[in-house]
Amino acid sequence: MLVGICVIINIVLVGVSWRVCFSRLKGAERDLRETSEALSVFSPAEAARRYEDVSGIVREASLLCAVWNDFDRSVVRQRNGDGTDAVFSVVDAGDIFSFATVTKNLSISYWQNFGGVFTGIGILGTFIGLTIGLHGVDLTSSDVGVLKEGIANLLDGVSIAFVTSLMGILGALVYGAFHQYFLGKVQRAVTRFAARIEELYPRRSAEQWLAESHHESCKQTLALQNLSQDMAESLAELLESQMSSAFEELCSKFTDGMTPLFEKLYTAVDELNSGGASTIADMMSKSAGAQLEAFGEALSAIPQAVQTNMDASHQM
């Protein structure tokens, strides 16, 4: 009777655990697997461009909805220089989509210890069997038949104790095997899903951001230097090609315009030189003639003055 009750209890426990625990683990593994398969059609570039579509696919799995909200808060969106979208996470996807966070609503810790219930029932059956067996032993009686009956009852109780213990241990082992099997499938599904999210939205640390910013700054600086050099060379070529022809044209126009002017100036100077020389010569001739005439008169007056002086001397 007790063994039958123990068997029924174990069967009921197996059914409850299958209904509540194993079916939920199977459902979680199925949701994770289907979500990973749905995301496998996206490339990283397409996943960045269609981030809202990816978010909608993940949120359809009730197991991942709350965890995805945490991941969404760690996502950084930016637009590249070529106009494409880029989406990155500041933390590893495995840190957010871990087994503990994904299965936090499945009461994993409770069901991991549920196997102890089978063992506890087996131990309870052991004590009940031993109690029943010892209760049927009458050591005060001197009747051999009574003693035999008591020993038989004791052996029956011990038998019940061993059977119930064995059933409890077997139930715990079977439950543990099934639980570990389904738990392993869920763990592998979580790992694959986290790896897929990491592939679509890789993590970038602060060091990587700084290194990329430095690299982009160096590229922009080099591009600006090349642009400045190219602009200087192009401007020099343009000025040379445009200014040379313009300068030649200007010189030609200047020569054409100034040549008659210089010819007229040369003629005027030549006339000035010729007229001035004649004038100066006439003036010099007139001045020299007057001076020579005065000098001649002075010379002619000298003998008369000498004669006058001599006459005056004789009279004295």
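Let us begin at one residue and work outwards: L170 is found in helix 9, which runs over residues 144–200. Keep in mind as you look around that this is a predicted model. How exposed is L170? With a relative accessibility of 45%, L170 counts as partly exposed, because that value lies between the 20% limit for buried residues and the 50% limit for exposed ones. L170 also has company on the surface: together with L166, I169 and L173, L170 forms a nonpolar patch. The accessible area of these four residues adds up to about 390 Å².

Now step back and take in the whole chain. The protein chain contains 10 helices and two strands. If you follow the sequence from its start, these elements come in the order α-α-α-α-β-β-α-α-α-α-α-α. The protein chain has 316 residues, and 25% of them count as buried. Its accessible surface comes to about 21,100 Å², with 63% of that belonging to carbon and sulfur atoms. What about contacts between parts of the chain? Take the contacts between residues at least 6 apart in sequence: 75% of these join residues at least 24 apart.

A single residue can show you what such a contact looks like. T35 lies in helix 1, which covers residues 2–39. Is T35 buried or exposed? T35 has a relative accessible area of 6%, and it is therefore buried, since the limit is 20%. Which residues does T35 touch, once its neighbours within four places in sequence are set aside? The answer is I57, V58, A61, L64 and F193. Take A61 from that list: T35 and A61 are 26 residues apart along the chain, yet their C-alpha atoms are separated by 7.4 Å.

L64, another contact of T35, takes us to helix 4. This helix spans residues 62–73, and its buried residues are L63, L64, V67, W68 and F71. Around the helix axis they cover an arc of only 115°, which means that they sit on the same side of helix 4. Turn to the other side of helix 4 and you meet S62 and R73, which are exposed.

Helix 8 lets you try the same way of looking, and it also allows a check on length. Helix 8 has 21 residues, from 115 to 135, and at 1.5 Å a residue these should span 30 Å. The C-alpha atoms at its two ends are 31 Å apart, which agrees with that expectation. Which residues of helix 8 are buried? They are G115, F118, I121, G122, G125, T126, G129 and G133. Viewed down the axis of helix 8, these buried residues fall within an arc of 145°, so they line one face of the helix. The face turned away from the buried side of helix 8 carries the exposed residues L124, F127, T131, L134 and H135.

Our last stop is the charged side chains. Side chains of opposite charge can pair when their charged atoms come close. How many salt bridges does a search of the whole structure find? It finds six. One of them brings us back to helix 1, where the side chains of R33 and E29 meet with 3.3 Å from N to O. R33 and E29 are four residues apart in helix 1, so about one helical turn separates them. Their surroundings can be described too: R33 is partly exposed, with a relative accessible area of 34%, whereas E29 is buried, at 9%.

Helix 4 offers another example. There the side chains of R73 and D70 meet in a salt bridge, with 2.3 Å from N to O. Because R73 and D70 are three residues apart in helix 4, they too are separated by about one helical turn. R73 is exposed, with a relative accessible area of 62%, while D70 is partly exposed, at 35%. Salt bridges can also share partners, and in this way E46, R50 and D53 are joined into one network. Within that network, D53 forms a salt bridge with R50, and their closest N and O atoms are 2.9 Å apart. D53 is partly exposed, with a relative accessible area of 38%, and R50 also counts as partly exposed, at 31%.

Notes:
Residues numbered from 1 in each chain as written. Predicted model: local features only at pLDDT ≥ 70, side-chain atom pairs only at ≥ 80, totals over all residues. Heavy atoms only, no water. Buried < 20%, exposed > 50% of the residue type's maximum accessible area, 1.4 Å probe, protein only. Contact = heavy atoms within 4.5 Å. Patch = residues over 30% accessible without salt bridge, like charges linked within 9 Å, V, L, I, M, F, W, Y side chains within 5 Å. Areas by Shrake-Rupley, 256 points an atom, 1.4 Å probe, with all protein chains shown as cover. Expected span 1.5 Å × (residues − 1). Arc of directions from axis to C-beta.
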